[in-house]
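Got a minute to walk through this one? Have a look at the fold below, and then we'll go through it in questions and answers.

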Amino acid sequence: MDAIATRNDLDSNAKKASIALLNARLADAIDLALLTKQAHWNVKGPQFIAVHEMLDAFRTEIDGHVDTIAERAVQLGGIAEGTSQVIAKATPLKPYPTDISKTKDHLAALIERYAQAAKLARSAIDDSDETGDAGTADIFTAYSRSLDKLLWFLEAHTQEKE
């Protein structure tokens with residue numbers, strides 16, 4: 001699809017590359033938001049309330065990044081592709097297990113997916129820089145920092161020393 005005309009003076013090739021990259025990371029960000037809520041609803045165990053409430057806050061934080069990523073694609077003249085059908089096909093994240101309930105199992109599943117999403121976000125920073133789109137790189141930098149923090153919170157629940 002051709003980009004919609006905009007007065008944004010970023011090179012048209014950079015816009016097209018950034019729109020594709022933004023939509024790719026939008027897919028895994030939406031997937032991450034959904035699987036975070038899946039864990040939030042279904043977690044059970046001794047740390048229930050702490051993890052339940054923590055994951056609710058994670059979802060809110062991720063949703064802010066989802067909106068920023070999607071809106072950047074549109075600002076550059078693209079279409080934000082965020083339907084469930086697109087996300088199901090485009091996300092590189094491993095499917096989240098729906099048959100788990102123990103806190104430790106949810107934490108392990110979340111840690112794996114948050115780490116992957118953070119790695120993809122860091123890669124997107126470099127890719128955006130290469131196209132000359134500092135604005136998009138900045139969005140991915142903020143998203144990466146956020147994911148690193150959330151991953152740290154998750155891992156802290158599993159790193160108790162004896």
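**Pocket, core and contacts**

Q: How do the residues lining the largest pocket divide into nonpolar, polar and charged?
A: First, a note on the model: it is predicted, so local features need pLDDT of at least 70 and side-chain atom pairs count only at pLDDT 80 or more, while totals for chains, interfaces and linings use all residues. Residues are numbered from 1 along each chain as its sequence is written, and side-chain values use heavy atoms, with hydrogens and water left out. Ala, Val, Leu, Ile, Met, Phe, Trp, Tyr, Cys and Pro count as nonpolar, Asp, Glu, Lys and Arg as charged, and the others, Gly among them, as polar. On that split, the lining of the largest pocket comes out as six nonpolar, three polar and two charged.

Q: How much space lies in the largest pocket?
A: A pocket here is an open set of points on a 1 Å grid over the protein atoms alone, where a 1.4 Å probe fits, with protein on both sides within 12 Å along at least five of seven lines; lining residues have an atom within 4 Å of a point. The lining includes D31, W41 and Y96. Points are joined across faces, edges and corners, and the volume is what probe spheres set on them fill. For the largest pocket that gives about 210 Å³.

Q: Which helix gives the most residues to the largest nonpolar core?
A: Such a core is a set of buried Ala, Val, Leu, Ile, Met, Phe, Trp, Tyr and Cys residues joined through side-chain atoms within 4.5 Å. It has 45 residues, and L32, Y114 and L154 touch the most other members. Two or more residues come from each of helix 1 (12-42), helix 2 (48-75), helix 4 (103-131) and helix 5 (134-156), helices being DSSP runs of H or I, at least four residues, numbered from the N terminus. The top contributor, with 12 residues, is helix 1.

Q: Is R25 buried or exposed?
A: R25 sits in helix 1. Beyond four places in sequence, R25 touches P92, L120, A121, A124 and F140, where contact means heavy atoms within 4.5 Å. Buried means under 20% relative accessible area, exposed over 50% and partly exposed in between (1.4 Å probe, protein chains only). Because its relative accessible area is 9%, R25 is buried.

Q: What is the relative accessible area of F58?
A: F58 belongs to helix 2. Leaving out residues up to four places away, F58 touches T36, Y114, L150, F153 and L154. F58 counts as buried, with a relative accessible area of 2%.

Q: How far apart in space are D148 and Y114, C-alpha to C-alpha?
A: D148 is in helix 5 and is partly exposed at 35% relative accessible area. Past four places in sequence, D148 is in contact with A118 and R122. D148 and Y114 are 34 residues apart in sequence, and their C-alpha separation is 8.1 Å.

Q: Where is T6, and how far is T6 from G77, C-alpha to C-alpha?
A: T6 is partly exposed, at 32% relative accessibility. Aside from neighbours within four places, T6 is in contact with K15, Q75, L76 and G77. T6 lies in the segment before helix 1, and although T6 and G77 are 71 residues apart in sequence, the distance is 6.0 Å.
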